[in-house]
Amino acid sequence: MRSVDVVVAGHVCLDLIPDLSNVAAPGGLICRPGGLIVIGPPAIAGGGAVHNVGIALHRLGVPVGLVGKVGDDLFGRELLRLLQSHDPSLASGMRRSAGEATSYSLVISPRGVDRSFLHCPGANRTFGFEDMDFDLVAGARLMHLGYPPSMDRLCREDAAELHAIYRKCRELGVTTSLDLCAVDPGSPAARLDWRRIFQRILPEVDIFQPSLDELCQMLQVSPTQEAQHLHHLAGELLAMGCAVVVIKLGESGIYVQTTSSATRLAAAGRGLQTVQPEAWLDQKLHHPCFVANFVSATGAGDCTIAGLLAAVLRGEPAAQAIRSACAVGACSVEAPDATSGVPAWEQVQARLDAGWETHPTPSPFRLRAG
């Protein structure tokens, strides 16, 4: 059986990214009946957590296995081909489901504004416990799962199957990591009590990596207010049971807070066994974004996660790990798709060693630097 360091599971899709460089603002995309807007050719790339985190880790030199679900259709075949173009083995853990559509997104990114998405969940809706490759997980050091709020089956019965996946992975001794995504207000996930779900699941999650906006949406609190008191918000999540909280802040970087319990950190699985405990215990750290030749923010959060996981597996201290994470995220925005801007780990570190400049940290994120 192929041996990997990380298994990345969960949401996977095909991204269709039309060239909108001639469209200056969102208003220019409003096409009246009978109208026409001329755009450029599309980029076609893999998307979702499985592709973005997984391929970024692969490009960083981390042995990775991918576990996701696609349909037996044109988009599914293209998505598998894209994965195999990086390494033929990367598609071996993917599930193909006859009669289901492969998930895809139209990435709408006009010049000068943030991107938005038109998304079809497709086969991600039915991804569940039996779609996991636990034999692959058993030989890994870390398991990361992304975007469960967009995966209907994982959200049923107060996320019972999501909880079962994490409980099983903890039993196998791997470090567990979880990322979220925005919740469609009309979806079943929007009706869930996510605070109660977190209270049940986070004891099985070692590294929790939501964005601030996602977290505030799901906990129904104000992003503006919570941004001023990130240590309180992260402390609440740590009290629910996880060991490390990583809050992605978009253009303001990332904030990391860790458990003060040596016992909880020691129980965090094989992936965290190489770190020095004193460099991860009771940390409250913020790191701003690096200055980059910006092209697109598509997948930047996922690539930041990949950078953090790669740093953890290399045994980096928390302060150095979030620096590496932000650097990988900055590399990713220098390409139109999620991952082609991510270079080898050594190139990322060389750029850091050369004195890579960071953006000024805007208020209210003036926290202790990492």
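Which side chain of opposite charge is nearest to E316, and how far away is it? I will start there and then step back to the whole protein. One caution before that: this is a predicted model.

The answer is R314, at 6.2 Å. E316 is buried, and it has no salt bridge. A salt bridge here requires a nitrogen and a carboxyl oxygen within 4 Å. As for its place in the chain, E316 sits in the loop that runs from helix 10, residues 300-313, to helix 11, residues 318-332. What does E316 touch, once residues up to four places away in sequence are set aside? The list is V275, W280, A311, A321, S324, W345 and Q349.

Now the overall picture. The protein has twelve helices and 14 strands. Its radius of gyration is 19 Å, and the globule rule gives 21 Å for 370 residues; the two are close, so the protein is as compact as a globular protein of that length. The C-alpha trace spans about 65 × 45 × 40 Å along the principal axes.

Of the 370 residues, 55% count as buried. The exposed surface comes to about 15,000 Å², and carbon and sulfur atoms supply 52% of that. Contacts reach well along the sequence: taking those between residues at least 6 apart, 76% join residues at least 24 apart. On charge, there are 30 positive and 37 negative ones, and their mean positions are 1 Å apart.

Next, the salt bridges. How many does the structure hold? There are 15. I will go through a few.

One of them joins R141 and D5, with N to O at 3.8 Å. This pair links distant parts of the chain, 136 residues apart. R141 is in the loop between helix 3, residues 134-138, and strand 9, residues 142-146, while D5 is in the segment before strand 1, residues 6-10. D5 has a relative accessible area of 22%, so it is partly exposed.

Another is between R125 and D152, where the closest N and O atoms are 2.5 Å apart. Here too the pair links distant parts of the chain, with the two positions 27 residues apart. R125 belongs to the loop between strand 8, residues 116-120, and helix 3, and D152 belongs to helix 4, residues 152-171. R125 counts as partly exposed because its relative accessibility is 37%.

Then there is K284 with D282, the closest N and O atoms being 3.6 Å apart. Both ends of this bridge are partly exposed: K284 has 32% relative accessibility, and D282 has 45%. There is also a network of salt bridges, which links K69, E100 and D131.

Let me turn to helix 6, residues 212-219. Is this helix mostly covered or mostly uncovered? Mostly covered: six of its eight residues are buried. The buried ones are L212, E214, L215, C216, M218 and L219. For anyone looking at that pattern, an α-helix has 3.6 residues a turn, so residues three or four places apart point the same way.

L219 is in this helix, and its relative accessibility is 7%, so it counts as buried. Leaving aside neighbours within four places in sequence, L219 is in contact with R195, F198 and L233. The C-alpha atoms of L219 and R196 are 9.6 Å apart, although the two residues are 23 places apart along the chain.

Just after helix 6 comes Q220, with a positive phi of about 60°. Why mention that? Most residues other than glycine have a negative phi. Q220 is not a glycine. Its place is the loop between helix 6 and helix 7, residues 223-227. Is Q220 buried or exposed? With a relative accessible area of 71%, Q220 is exposed.

D158 is another non-glycine residue with a positive phi, about 55° in this case. Where Q220 is in a loop, D158 lies in helix 4. D158 counts as partly exposed because its relative accessibility is 25%.

To close, back to the opening residue. E316 is buried and without a salt bridge, in a structure that holds 15 of them.

Methods:
Residues numbered from 1 in each chain as written. Predicted model: local features only at pLDDT ≥ 70, side-chain atom pairs only at ≥ 80, totals over all residues. Heavy atoms only, no water. Helix = DSSP H or I, 4+ residues; strand = E, 2+ residues; numbered from the N terminus. Buried < 20%, exposed > 50% of the residue type's maximum accessible area, 1.4 Å probe, protein only. Lys, Arg positive; Asp, Glu negative; His and termini not counted. Contact = heavy atoms within 4.5 Å. Rg over C-alpha atoms; globule rule 2.2 N^0.38 Å. Areas by Shrake-Rupley, 256 points an atom, 1.4 Å probe, with all protein chains shown as cover. Charge placed at Lys NZ, Arg CZ, Asp CG, Glu CD.
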